[in-house]
Amino acid sequence: MKLAVIDIGSNAARLLITEVIENKKQQPVFNKLNLIRVPLRLGFDVFETGIISTQKIDMLIQTLKAFRHLLNAYQVAHIKACATSAMRDAKNAVDIIVKVKKETGINIEIISGDTESAIIYESHIAENLNPHHHYLYIDVGGGSTELTLFGNQQLIFNQSFNIGTIRLLKNKVSEDCWNNMKLYVKQHIRKNNNIIGIGAGGNINKLFSLSKKKEGKPLELDMLKAYYKNLSSLTLPERMKLYDLREDRADVIVPALQIYLTVMRWAKIDKIYVPKIGLADGLVQHLYNDVYSKM
């Protein structure tokens with residue numbers, strides 16, 4: 001069975017095409033066939049003006065038309081498209097959804113921040129790790145940060161905060177927003193010890209790649225602090241040249257590090273695993289469960 005999900009975020013749109021097969025134990029195995037990322041950067045419009053501009057709408061539609069061609073070429077049986085923080089805040093989101101459906105045949109569902117964090121958790125990475133620890137999923141996006149705490153083989157909480165990389169670049173994160181996240185983390189973390197981080201999102205994946213760490217090894221807090229110090233001291237062109245970063249990654253990686261480091265400090269986390277998961281991975285699991293329940 002071939003499944004596809006589209007994640008329309010504040011910084012980029014992603015198409016993930018996956019083939020699901022059953023192993024000898026009749027358990028689903030998810031094999032990625034293709035992952036495509038297009039840096040639409042919708043958040044730069046929304047967090048500044050409250051709407052998505054005509055130019056960005058055209059870019060979104062052209063991207064989704066291209067995705068539609070790939071879906072047809074791969075003969076995908078089921079598709080799910082979700083939009084997150086930028087579309088949640090866009091005053092013209094409903095009009096865009098209608099236009100996209102008319103021109104591409106793709107239905108976009110705008111999901112809440114709490115739903116977003118719950119879907120990311122559906123990758124169930126923590127369930128396969130040491131049961132004596134608690135694990136905090138930290139997913140930093142362009143418009144929001146999703147936190148999910150797992151421990152004692154159960155989900156303890158999941159919460160979304162309107163603190164993201166593009167919002168920080170646009171100076172759209174108030175002190176109250178930071179204080180609310182700090183209070184929430186400290187209230188829910190204080191009774192739990194031995195917390196280990198699980199990082200999700202393109203920026204932490206890029207940092208893991210830069211670190212040259214072996215798969216399955218964590219990034220230490222001191223290493224992330226060093227990256228933050230080095231990257232924040234450089235100009236955008238210098239980051240692009242010295243770290244071989246695209247412009248749409250070089251500008252958001254510093255505020256992303258700021259968020260990761262801040263949450264890790266509040267939660268007293270000294271290392272974070274980066275299993276290369278994101279919203280799209282959770283969406284595939286979610287879509288598979290929906291399809292399987294109707295079979």
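This is a chat about a predicted model, covering a sheet, two loop lysines, a pocket and a buried aspartate.

Trainee: Hi! Can we start with the sheet? In what order do the six strands of the open sheet come?

Mentor: Sure. The order is E8-E7-E6-E9-E11-E10, and the pairing is mixed.

Trainee: Which strands stand at the edges?

Mentor: Those are E8, residues 154-161, and E10, residues 219-220. Each has a single partner strand, so one side of each is left without a neighbour in the sheet.

Trainee: And in which sense do E6 and E7 pair?

Mentor: Antiparallel, over six bridges, with E6 spanning residues 134-140 and E7 spanning 145-151. If you want a spot to look at, leucine 136 stands opposite leucine 149 in E7.

Trainee: Nice. Which strands does helix H7 lie across?

Mentor: Helix H7, residues 175-189, lies across E7, E8 and E9, the last being residues 195-200. The helix runs at about 170 degrees to E8.

Trainee: New topic: backbone angles. What is phi of lysine 212?

Mentor: Phi there is near 65 degrees, which is positive in a residue other than glycine. Lysine 212 sits in the loop between helix H8 (202-211) and E10.

Trainee: Buried or exposed, that lysine 212?

Mentor: Exposed, because its relative accessibility is 72% and the cut-off for exposed is over 50%.

Trainee: What about lysine 268, where is that found?

Mentor: Lysine 268 is in the loop between helix H12 (253-266) and strand E11 (271-273). Its phi is also positive, at about 60 degrees, although it is not a glycine. With a relative accessible area of 73%, lysine 268 is exposed.

Trainee: Okay, pockets! What volume does the largest pocket have?

Mentor: About 760 Å³. Its lining has 37 residues, and Arg14, Gly201, Gly202, Asn205 and Arg249 lie nearest the centre.

Trainee: Which elements each supply at least two residues of that lining?

Mentor: Strands E2 (13-22), E3 (28-38) and E6 do, along with H8 and helix H13 (279-293).

Trainee: And how do the lining residues divide into nonpolar, polar and charged?

Mentor: Ten are nonpolar, 15 are polar and twelve are charged.

Trainee: Last one, aspartate 281. Where is its place?

Mentor: Aspartate 281 is in helix H13. At 18% relative accessibility, aspartate 281 counts as buried, because buried means under 20%.

Trainee: What is aspartate 281 in contact with, leaving aside neighbours within four places in sequence?

Mentor: Leu16, Lys32 and Lys276.

Key. Residues are numbered from 1 along each chain as its sequence is written. This is a predicted model: local features need pLDDT of at least 70, side-chain atom pairs count only at pLDDT 80 or more; totals for chains, interfaces and linings use all residues. Side-chain values use heavy atoms; hydrogens and water are left out. Two strands pair if DSSP finds at least two bridges between them. Helices (H or I, at least four residues) and strands (E, at least two) are DSSP runs, numbered from the N terminus. Contact means heavy atoms within 4.5 Å. Axes are lines fitted to C-alpha atoms, for helices over the stretch in contact, and angles run from 0 to 180 degrees between N-to-C directions. Buried means under 20% relative accessible area, exposed over 50%, partly exposed in between (1.4 Å probe, protein chains only). On a 1 Å grid over the protein atoms alone, a cavity is a set of points where a 1.4 Å probe fits but cannot get out, and a pocket is an open set with protein on both sides within 12 Å along at least five of seven lines; lining residues have an atom within 4 Å of a point. Grid points are joined across faces, edges and corners, and a volume is the space filled by probe spheres set on the points. Ala, Val, Leu, Ile, Met, Phe, Trp, Tyr, Cys and Pro count as nonpolar, Asp, Glu, Lys and Arg as charged, and the others, Gly among them, as polar.
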